[in-house]
Amino acid sequence: MIRQPIVSVLGHVDHGKTTLLDKIRGTSVARREAGAITQHIGATEVPIDAIYKICGKLINKKFKVPGLLFIDTPGHEAFTTLRARGGALADLAVLVIDINEGIMPQTVESINILKRYKTPFVIAANKIDLIYGWKNCKDEPFIFAIQKQKEEVQQSVDEKIYKIVEKLYELGFSADRYDRIADFTQNLAIIPMSAKLGIGIADLLLVLVGLAQRFLEENLKTEEGPGEGTVLEVKEERGLGKTIDVILYSGTMRKGDTIVVGSHDEPIITKIKAILKPKPLDEMRDPRDRFLSVDEVHAAAGIKIAAPNLENALAGSPVIVADDNLEEVVNRVRKETGIHIETQEEGVIIKADALGSLEALAYELKQEGLPIKMADIGDISKRDIVNAQTIGNPLYRVILGFNVKILPDAEKEASKIKIFTNNVVYKIIEDYKEWMDEKKRELE
Ligand code: GDP
């Protein structure tokens, strides 16, 4: 059996990631016919039949890939660097670039992540509609929409694409407009599009299934067997207590299965009380009653798991079904949950919401030659502040927080040291470096 590839969407802030995902979800809307797009927890599934329908004349062959599973939360590194069996959870990625703005700091950051995890990706060159008027080209493949444009519009699109191509070349990639590429193994495909108008969505889906078909068949084979997944988020849910949102990437999970989940301390061993999926919108009478309970689920899927003792579950860590190999699974989860970040005697304290995001922040700091003293997952606590105060070098007496909050009891102490939090890595580093420069001058 081949499962659908898991696709993440990333890129610079405001370049259109959310709009693109919304458009993909909205395309073919909530129709309940064969091939309708279905919502998972944390993900959206676009079955291959829906892709055939959306692509229409663009497609003249059949694919083995059963569809695409898009991770719903765009952008942030935490979701792109989520791990599965040591590799990246996302099989494929879409890097969104605003064609008018080009490559920005977060675009480069995203490219670094994709390179590091060896994730194949395509580029959505978004917002082509801002070049001129494309009003009569709503929800069309780019290839047909561009033909309707005046020559100067076509040229302008190309000029902007080639600016991106040049920049990518400097970053070590050979890239081109997707319809001018003969061989995807040599070239990075750029798909011009407008997420807002729906232009190019079909082309994007087509390239993604094409890529999956050519490169990933081996990786997408899913065995019948114990389920393996990655925790996206740990959430309090009314009536259910702490639950985990999980992307199941291999095998099957059943109600009653024993699972092992990564945690701050020892792995959690628990039994699945319920597997939940979102209810179809038209069956949702009460907005509080959002979930549908299922007895079993096959990969790939986004689900919510309710089980006892999930309080300390850790976002980004593995969740694996164990049967008679409990000890082996516990060891594996322990190993895969560990924080493997180089720390130094002297350096800053970093905190993030998940393993992947912590690694992303650590990686970027390393690029800047900035040392780390301590790295941990979770919101900024009083203890972190106490620890930061013991740092000798005043330039490092800071906490850098990525996607985390300052806990109320830490708030009172927070003025004693400098804290930089943001949900964009490069902003954290930029702000910190700026502060450091000031501090250096002060100290002189
Ligand atoms: P994100 O931060 O990458 O998730 O970006 P958003 O999806 O929130 O988009 C940022 C802004 O750009 C919003 O105001 C969108 O309406 C706008 N936007 C997104 N895609 C397009 C597009 O294709 N064309 C135009 N004109 N605007 C777009």
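Trainee: Which residues of strand S15 lie on its covered face?

Mentor: This is a predicted model, and S15 covers residues 268-271. In a regular strand, side chains alternate between the two faces of the sheet. Ile269 and Lys271 sit on the uncovered face. The covered face holds Ile268 and Thr270.

Trainee: Which residue in S15 is the bridge partner of valine 260?

Mentor: Strand S14, residues 258-261, runs antiparallel to S15, and four bridges join the two. A hairpin of six residues links S14 to S15. In S15, valine 260 has as its bridge partner isoleucine 269.

Trainee: How many disulfides does the model have?

Mentor: A disulfide needs two cysteine sulfur atoms within 2.5 Å. The cysteine sulfur closest to that of cysteine 55 belongs to cysteine 137, and at 17 Å it is too far for a bond. Cysteine 137 is likewise in no disulfide, with cysteine 55 as its nearest cysteine by sulfur. The count is zero.

Trainee: Is cysteine 137 buried or exposed?

Mentor: Buried means under 20% relative accessible area. Cysteine 55 meets that cut-off at 2%. Cysteine 137 has a relative accessibility of 0%, so it counts as buried.

Trainee: How far apart are the end C-alpha atoms of helix H6?

Mentor: H6 runs over residues 151-170, which makes 20 residues. At 1.5 Å a residue, the helix should span 28 Å. The model agrees with that, since the end C-alpha atoms are apart by 29 Å.

Trainee: Which residues of H6 are buried?

Mentor: An α-helix has 3.6 residues a turn, so residues three or four places apart point the same way. The buried residues of H6 pack against strands S7, S8, S9 and S10 and helices H4 and H5. They are Val153, Ser156, Val157, Asp158, Ile161, Ile164, Val165 and Leu168.

Trainee: What phi does glycine 172 take?

Mentor: Glycine 172 comes just after H6. Its phi is positive, at about 95°.

Trainee: Over which residues does pLDDT stay under 50?

Mentor: The protein has a mean pLDDT of 89, and 93% of its residues reach 70 or more. Where pLDDT is low, the predicted coordinates should not be read in detail. One stretch stays under 50, and the model gives it eight contacts beyond four places in sequence. That stretch is residues 28-32.

Trainee: What ipTM does the model score?

Mentor: Two scores apply to the model. Its pTM is 0.86. Its ipTM is 0.99.

Methods
Residues numbered from 1 in each chain as written. Predicted model: local features only at pLDDT ≥ 70, side-chain atom pairs only at ≥ 80, totals over all residues. Heavy atoms only, no water. Buried < 20%, exposed > 50% of the residue type's maximum accessible area, 1.4 Å probe, protein only. Pairing = 2+ DSSP bridges. pLDDT = per-residue confidence, 0-100. Contact = heavy atoms within 4.5 Å. Expected span 1.5 Å × (residues − 1).
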